[in-house]
Amino acid sequence: MTKIAVIDYDMGNLHSACKGLEKAGANPIITDSPQVIAQADGVVLPGVGSFDPAMQHLQQRDLVTPIQNFVKSGKPFLGICLGLQILFESSEEGKESGLGIIKGQVKRFQSEPDLTIPHMGWNNLDLIQANHPLWQNLPVSPYVYFVHSYFVSPRDSQVIAAQVTHGSQTVTAAIAFENIMAVQFHPEKSSDYGLQILTNFVDFVKK
């Protein structure tokens, strides 16, 4: 069975992601072991909370280099929510450096009249890389579940896989580049479409 390492760094509920991966036909392993990460067929980096504590926890557990090395290995990698944001170089939310795997910054939504921040609840995706394997068997504008006050702004727009609009602001909702995939929304909370996305990732790992 496909082994997927779900990285544990004390930033969020890992079990809902694992349940989704199990339903998708994978064998998820919650771990902070560099050896387990290196030997996995794929890696999922979930996360909820703030940028600086996330990076500090990764540093304390000596996970920064193992994550960077796994990405360099070419094996499939999926970041979820905060696990997307910390792939970037820096964030307006904090002072720590990110993993630097994707060039760019994490930015905060601008205030607008009657706009709720955080962006919380269901919203539809605009699929930019519409033919990417992560979006297989989804409708044109699938509804998924978001909870975030910050969004990623990649330097290279070619990595943007999906966008979402909140108020008048259209921002990056997912990135995909070579073996790297990462989403701002929570597939594990996004009902059937979220499960399909996790299934698509597991299928990508199996290939």
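Positions in UniProt annotations are given here in the numbering used for this structure, and such annotations may be inferred rather than shown by experiment. With that understood, the unreviewed UniProt entry carries the annotation "domain: Glutamine amidotransferase" for residues 6-202. The model discussed here is a predicted one. Within it, the span 6-202 is 26% helix and 31% strand, and its end C-alpha atoms lie 13 Å apart.

One part of the strand content is an open sheet of 3 strands, which follow the order E5-E6-E10 with mixed pairing. Strand E5 (90-91) and strand E10 (150-154) each have a single partner strand and therefore stand at the edges, so that one side of each is left without a neighbour in the sheet. Strand E6, which comprises residues 104-108, runs antiparallel to E10 and is joined to it by 5 bridges. Along this pairing, Arg108 stands opposite Tyr150 of E10, and the side chains of these two residues also meet in another way, since the charged end of Arg108 sits over the ring of Tyr150 at 5.9 Å from the ring centre.

Aromatic rings provide further contacts, and a search of the whole structure finds 3 aromatic pairs. One of them is formed by Trp122 and Tyr145, whose arrangement is edge-to-face, with 5.8 Å from centre to centre and 70° between the planes. Because Trp122 belongs to strand E7 (residues 119-124) and Tyr145 to strand E9 (residues 143-148), this pair ties together parts that are 23 residues apart in sequence. Trp122 itself is partly exposed, its relative accessible area being 45%.

The rings of Phe146 and Phe185 also make an edge-to-face pair, because their planes stand at 70° while their centres are 5.7 Å apart. Phe146 lies in strand E9, whereas Phe185 lies in the loop between strand E13 (180-183) and helix H6 (191-206), so this contact ties together parts that are 39 residues apart in sequence. Both Phe146 and Phe185 are buried.

The cysteines raise a separate matter: how many disulfides does the model contain? The count comes to 0, and the reason lies in distance, because a disulfide requires two cysteine sulfur atoms within 2.5 Å. For Cys18, the closest cysteine sulfur is that of Cys81, which at 16 Å is too far for a bond; seen from Cys81, the closest cysteine sulfur is likewise that of Cys18, at 16 Å. Both residues are nevertheless shielded in the sense of accessible area, for Cys18 is buried at a relative value of 7%, and Cys81 is buried at 6%.

Terms used
Residues numbered from 1 in each chain as written. Predicted model: local features only at pLDDT ≥ 70, side-chain atom pairs only at ≥ 80, totals over all residues. Heavy atoms only, no water. Helix = DSSP H or I, 4+ residues; strand = E, 2+ residues; numbered from the N terminus. Buried < 20%, exposed > 50% of the residue type's maximum accessible area, 1.4 Å probe, protein only. Pairing = 2+ DSSP bridges. Phe/Tyr/Trp six-rings, centres within 6.5 Å; stacked < 30°, edge-to-face > 60°. Lys NZ or Arg CZ within 6 Å of the ring centre and 35° of its normal.
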